[in-house]
Each structure stands twice: as C-alpha cells, then as structure tokens.
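Please look through the model below with the sequence at hand. The text that follows goes strand by strand, then turns to the core, the ligand and a few single residues.

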Amino acid sequence: MIEEIEKYFPDMEIISSDIEEKIQKTLAKADFNKTKDDVIKALNKEVLDFDDFCALLSSPAKDLIEELAKRAKKEREKYFGKNVYFFTPLYISNYCENQCIYCGFNCKNNIKRAKLNFDEIEKELIEIKKSGLEEILILTGESRVKSNVEYIGQAVQLAKKYFKNIGIEIYPLNTDEYSYLHKMGVDYVTVFQETYDKVTYEKKHLKGHKRIYPYRLNSQERAILGGVRGVAFGALLGLFDYKKDTLATASHIYYLQKKYPHVEFSVSIPRLRPTVADNSINPNEVKELELLQIMCAYRIFMPFINMTISTRERADFRNNAVQIAATKISAGVSTGIGEHTKKEKDGDNQFEIADSRSVDEIYKTLEALGMQPVMNDYVYVG
Ligand code: SF4
C-alpha cells in the first residue's frame, strides 16, 4: 500500500522540502508523444526545458540518435574537454536488511555474507592504490546493525590516507550523520532512488528502511545540509517506464541544483543486470540504443553534470559513452567483498559485471582514443 511507504520510521529525520512535490508536478505534465520535428526543435535550442527533454527521450528521437550524439558530444567538450574521471568501488560489507526483489544482496537471498574488518579494508585500499587511482567509492549493503555509521566513518578515515576523493554509497542517513561522515572525509554521497513511481516502488521494496520512499528521496538534500560537496542520483532502468524515471531523475537534480547551486551533481544510468538470485527476464528492458539516448538527453539538458558509466556495460559501449556523454568511468572493478586482496572472496557479488578491464587497460584505451584520463582534479586548500 502506498500509505505504508510514506510513513517514516521513528529514527528517520523529516526535513521540510518541496523537492518531491516539484518532481511529481513535472511528471504530471510529462508528454513523450512527440514528433520528429519536436526533437529537431529541441536539438536546436540553446537551453532546453522539461518538454524538450521529453522530446529527446521520445521514440522519434531514436531515429535521430546521430544528431543527439553530436550535440551531446559538443556539450560534453564545452564543459569537460576530453577529461574522463576514474574511480573504483570498494564493497566493504554485503549485509542488508532490505528486500529489494531485483538485488543479489536482498536479505532473503541465501548468499555468502561478509564484512571486512579495518585491517582487511586497509589491505584492500593499499592494493587498489597500486593501480594509481585517487578516487574511491565505498559501498555497503544497507544494514545499520552490521555496518553502523561509526564503522563506515572509520573506513572513510582509512580511505582518506590513500585517496583524494571519497564517495559513499550506503543506506540513507540523517543530516547529523552525513555531517559526521563529511568530517571523516566523505566528499560525495550516492543514493539511487531506483524508481520514482510509487506503485512500482512499493512492489519492488518489500521490507526494511528502504521501503520508505520519501526518506530515500530526500537523502541527497540531507547530505547537502550535512555539508558534502557532491551528490549523485540514479534510477535503476528497467524497473518501471524508463522515460518517466529518467525525467523524474532529471527533475530531482534540476530542482536541487536550483536550490543548492554550489553543489556538484552527478547521475548514473544503471540498467537491471542478472544477479546470483534472479536471472529472470526484465519486461521493461532498456537496450543499448535507449541507454545511449538517455545519456545524450541528460547531457544536452544538463550539460554541466557529471555522468558515470558503470561496469554493468560492455567495454566497447563504455569506450564510446565517455567520448559522447559520460564523464566518469569505474575501472578495476570487483563487486564482491575482499576480492582485491584474496583469491577466495569473502562475500558474493552484488551483480555481474560486463567490463572487467584493469585501470591500466582502460587508461591506455582511452588515451589511444584521444581522451584524457584524470585521477583527481580536486585540491584541498588550507
Ligand atoms: S539494492 Fe541495496 S538495499 Fe536493496 S537489497 Fe540490494 S544492497 Fe540491499
């Protein structure tokens, strides 16, 4: 029931925010029923509105994908030049108290669970550091019991010894907890809403804190209020109508950017992948053409945002994506627990990856393609 996913748990902070209402209003006006002329008109505008964004996501825009890619590439170069930012995720725990039916870490799945201790985390960090990376994204499953905020804070503090840029992708927190993690060294916070459609959200998230839709949706705003430098967003494409979820994600970023213009914004475009628990067919499948279309639409509509392309995608697709629209690429990826240092990983992977190239391989490939790999361009002063 929808009412159930709206009801905050007692430990969840409620902030006064108009963002969800604005997203819903934008969705209510959405019209993807466009013509080829509407797409061309949108492509010829300097600054696009939400209706133009819908045109870029519409079916006729697929036939104009070359034009979309050309405009996206132009915008990408204007704001980011040839730079491609590198990072890698580090999974430190895969315990989870939520039941997202599409995820391998789901609490009902009988997978190998593990949580790294601080010694193991440091060994993983040292191993990853050898690749030359300077940015790391620390991930956990969503379990406050198994990986509490202090545990994550200490992991972040360790990471700061070796890396210049630290992101976290963990369970949503209250403002004071984001503030604490920011003090420990967190630069940016990633939270995927998965889907913005409440009916679908209710059906896909059966148990746990994640079931509470508005608490998740306001995570980025609480993180901003907690002082972090950047926030990242994503809808899991395939859970619901991808056009509507893409529009909702774009409007989420757009309205927060208007409200907090000093913050760095990023978007990811994850597609559903098979997991150890569920290999079933995805009825809302987003193919590579649609994925590229979505990426181009984001880039043209919000040319200044960062965009990450993950190892869920093939190597060739990723090589092309960073030349056209994406600005960040993960490399040397393992989604298992302890896999960087141990032959026998401690815990199972969250999803299967499609690009297992090392940092060095991706670095050299992108250089050969005329791109500029960047490990870090952020300098702390004082
Ligand atoms: S998607 Fe995240 S919260 Fe949901 S089961 Fe997987 S790890 Fe847990």
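Strand β1 and strand β9 (residues 372-374) pair in the parallel sense over three bridges; strands here are DSSP runs of E with at least two residues, helices are runs of H or I with at least four residues, and both are numbered from the N terminus. Two strands count as paired if DSSP finds at least two bridges between them. Within this pair, Asn 83 stands opposite Gln 372 in β9. This is a predicted model, in which local features need pLDDT of at least 70 and side-chain atom pairs count only at pLDDT 80 or more, while totals for chains, interfaces and linings use all residues. Residues are numbered from 1 along each chain as its sequence is written.

β1 has further partners. Three bridges join β1 to strand β8 (residues 328-330), and the two run parallel; Phe 87 has Ser 330 of β8 as its bridge partner. Strand β2 (residues 135-140) is joined to β1 by five bridges, also in parallel, and here Tyr 91 is matched with Leu 139. Between β1 and β2 the chain passes through helix α6 (residues 118-129), in a β-α-β crossover that is right-handed. Right-handed means that, with the strands pointing away from the viewer, the path from the first strand over the helix to the second runs clockwise.

How enclosed is strand β1 by the rest of the structure? Ten of the eleven residues of β1 (residues 83-93) are buried, so this strand is largely enclosed. A residue is buried if 20 or more other C-beta atoms lie within 10 Å of its own, exposed if 12 or fewer do, and partly exposed in between, with C-beta atoms placed from the backbone.

β8 leads on to strand β7 (residues 306-309). β7 and β8 pair in the parallel sense over two bridges, and Ile 309 has Ile 329 of β8 as its bridge partner. The chain goes from β7 through helix α14 (residues 315-324) to β8, and this β-α-β crossover is right-handed. On β7 there is also a pairing with strand β6 (residues 264-268), parallel and held by three bridges; in it, Ser 266 is matched with Asn 306 of β7.

From β6 the reader can step to strand β5. β5 and β6 pair in the parallel sense over five bridges, with Phe 265 of β6 as the bridge partner of Val 231. The connection from β5 to β6 runs through helix α12 (residues 242-259) and is a right-handed β-α-β crossover. β5 pairs with β4 as well, in the parallel sense over three bridges, and Val 231 is there the bridge partner of Val 189. Five of the five residues of β5 (residues 230-234) are buried, so the strand is largely enclosed by the rest of the structure. Gly 230, Ala 232 and Gly 234 point one way from β5, and Val 231 and Phe 233 the other way.

Next comes the nonpolar core, a set of buried Ala, Val, Leu, Ile, Met, Phe, Trp, Tyr and Cys residues joined through C-beta atoms within 7 Å. The largest one has 101 residues, of which Leu 56, Ile 136, Ile 138, Val 156, Met 295 and Cys 296 touch the most other members. Helix α13 (residues 288-301) gives the most to this core, with nine residues. Leaving aside neighbours within four places in sequence, the contacts of Leu 56 include Val 39, Leu 68, Cys 296 and Ile 300; contact means C-beta atoms, placed from the backbone, within 7 Å.

Which residues surround the ligand? They are Cys 96, Asn 98, Cys 100, Cys 103, Phe 105, Asn 106, Gly 141, Glu 142 and Lys 210, each with its C-beta atom, placed from the backbone, within 6 Å of the ligand. By class, this shell has four nonpolar, three polar and two charged residues; Ala, Val, Leu, Ile, Met, Phe, Trp, Tyr, Cys and Pro count as nonpolar, Asp, Glu, Lys and Arg as charged, and the others, Gly among them, as polar. Asn 106 lies in the loop between β1 and α6 and is buried, with 22 other C-beta atoms within 10 Å. Asn 106 and Cys 96 are ten residues apart in sequence and 6.3 Å apart in space, C-alpha to C-alpha.

Glu 194 is found in the loop between β4 (188-190) and α9 (198-204). Its phi is near 75°, a positive value in a residue other than glycine. Most residues other than glycine have a negative phi. Glu 194 is buried, with 24 other C-beta atoms within 10 Å.

Terms used. Contact = placed C-beta atoms within 7 Å.
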